[in-house]
Amino acid sequence: MTNTTHFGYKTVAEDQKVQEVAKVFHSVAAKYDVMNDLMSAGLHRAWKIFTIAQAGVRPGFKVLDIAGGTGDLAKAFARQAGKSGEVWLTDINESMLRVGRDRLLNKGIVTPTMLCDAEKLPFPDNYFDRVSVAFGLRNMTHKDQALAEMRRVLKPGGKLLVLEFSKVIAPLQKPYDVYSFSVLPWLGQRIAGDAESYRYLAESIRMHPDQDTLKGMMEEAGLERVQYFNLTAGVAALHTGIKL
């Protein structure tokens with residue numbers, strides 16, 4: 001029997017999901033930042049600033065940015081960690097990683113980049129002071145395995161930060177659904193020439209664990225002091241946990 005999982009609202013074989021998610025991000029990589037600004041009215045930048053502040057990266061820290069996309073978090077962390085630090089930008093999608101690497105180089109930031117799967121991180125145990133993943137966890141097939149890997153590579157006392165779309169407060173659910181399933185695909189078609197990828201985005205958000213469920217998953221992965229911060233009425237949420 002082939003194991004199945006969800007790709008948006010569809011049920012697909014697990015290996016097929018990896019391929020389908022890859023197609024989405026190969027398609028949208030070139031317009032990723034423009035679409036993020038349009039979709040969130042620029043709010044994704046404020047959410048990331050909050051995440052960076054919560055990370056508290058200091059000179060000399062080792063930081064792993066998973067599903068780092070176009071490098072927004074890695075850029076900030078590299079500046080904070082300084083020459084004595086070590087900041088890795090990683091992504092499972094080559095198109096996204098190339099865009100992120102090039103953006104960092106254009107800013108004069110030379111930091112290691114690696115194509116890798118968050119469910120099988122190629123790093124030793126107890127290596128990083130901070131691990132971050134922004135808007136990437138919901139695309140992972142085995143979220144529990146990915147969270148366990150993130151904990152494994154953290155040093156004792158290290159912090160995991162998970163920034164992700166989440167469940168909005170009840171009064172906003174209906175207008176948010178209209179926006180997600182009507183406006184987003186239209187924007188995707190007009191700006192990126194791809195409505196289907198943004199329809200998948202809306203569906204993947206609905207299939208992602210809500211705030212309390214994700215908190216429980218992080219605790220099951222062995223993280224302590226897990227808490228979350230709702231951002232913009234729950235459109236996004238930042239979860240943090242400590243490895244003790």
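**Ile191.** I started with Ile191 in this predicted model and looked up its exposure. Ile191 comes out as partly exposed, because its relative accessible area is 31%, between the cut-offs of 20% for buried and 50% for exposed. I then checked where the residue sits: Ile191 belongs to helix H7, which covers residues 173–192.

**The patch.** Which residues make a nonpolar surface patch with Ile191? I found Val34 and Leu38 as its partners, and the patch with these three comes to about 220 Å². Patch members need over 30% relative accessible area, so Ile191 qualifies with its 31%.

**Cavities.** Next I searched the whole structure for enclosed space. How many cavities of 30 Å³ or more are there? The search gave me 2.

**Largest cavity.** I noted about 40 Å³ of space here. Its lining is made by Thr70, Gly71, Asp72, Lys75, Arg103, Leu104 and Lys107. Helix H4 (72–81) and helix H5 (94–106) each contribute at least two of the lining residues. Sorting the lining by class, I got 4 charged, 2 polar and 1 nonpolar residues.

**Second largest cavity.** I wrote down a volume of about 30 Å³ for this one. Around it I listed Glu164, Phe165, Ser166, His208, Pro209, Asp210, Leu214, Ala237 and His239. Which strands each supply at least two residues of this lining? They are strand E7 (154–165) and strand E9 (236–242). By class, I have 4 nonpolar, 3 polar and 2 charged residues in the lining of the second largest cavity.

Note on methods:
Residues numbered from 1 in each chain as written. Predicted model: local features only at pLDDT ≥ 70, side-chain atom pairs only at ≥ 80, totals over all residues. Heavy atoms only, no water. Patch = residues over 30% accessible without salt bridge, like charges linked within 9 Å, V, L, I, M, F, W, Y side chains within 5 Å. Areas by Shrake-Rupley, 256 points an atom, 1.4 Å probe, with all protein chains shown as cover. Salt bridge = Lys/Arg side-chain N within 4 Å of Asp/Glu carboxyl O. Helix = DSSP H or I, 4+ residues; strand = E, 2+ residues; numbered from the N terminus. Buried < 20%, exposed > 50% of the residue type's maximum accessible area, 1.4 Å probe, protein only. 1 Å grid on protein atoms, 1.4 Å probe; cavity = no way out; pocket = protein on both sides within 12 Å on 5 of 7 lines; lining within 4 Å. Points joined across faces, edges and corners; volume = space filled by probe spheres on them. Nonpolar A, V, L, I, M, F, W, Y, C, P; charged D, E, K, R; others polar.
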